[in-house]
Amino acid sequence: MVFRVNPQLRRDIQQIADEEQRTITQVCEMLLYEGVEAYKKEGPKFMQRLVAKQKTRVKD
């Protein structure tokens, strides 16, 4: 799977990968896995919280 992300987000993920001595793919898989598990547990409330955070980031 391939998808585009904001350049700043990619740099942040790269920094995490470097600090953790992991690949970008490994970091993305871990973050995605945890997000999916949280969604399974919390359902739509999880997404609503993410959307609200995203709106706040866009305003700043």
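Helices (H or I, at least four residues) and strands (E, at least two) are DSSP runs, numbered from the N terminus. The model described here is predicted: local features need pLDDT of at least 70, side-chain atom pairs count only at pLDDT 80 or more, and totals for chains, interfaces and linings use all residues. Residue numbers start from 1 along each chain as its sequence is written, and side-chain values use heavy atoms, without hydrogens or water.

A pocket is found on a 1 Å grid over the protein atoms alone, as an open set of points where a 1.4 Å probe fits, with protein on both sides within 12 Å along at least five of seven lines; lining residues have an atom within 4 Å of a point. Its volume is the space filled by probe spheres set on the points, which are joined across faces, edges and corners.

| Pocket | Volume | Nonpolar lining residues |
|---|---|---|
| Largest | About 900 Å³ | 14 |
| Second largest | About 180 Å³ | seven |

Nonpolar here covers Ala, Val, Leu, Ile, Met, Phe, Trp, Tyr, Cys and Pro.

The largest pocket has 22 lining residues, and Phe3, Val5, Leu9, Ile13 and Cys28 lie nearest its centre. Two or more lining residues come from each of α1 (7-20), α2 (24-42) and α3 (44-59).

In the second largest pocket, α2 and α3 each supply at least two lining residues. The largest share, six residues, belongs to α2. Among the residues lining this pocket are Leu31, Glu34, Phe46 and Met47.

At the N-terminal end of α1, Asn6 acts as a cap, with a side-chain oxygen 2.6 Å from the backbone nitrogen of Gln8. Just after α1, Gln21 has a positive phi of about 55°.

Notes: A polar contact is a pair of N or O atoms within 3.5 Å; within protein, one must be able to donate a hydrogen and the other to accept it, and residues adjacent in sequence count only if both atoms are side-chain atoms.
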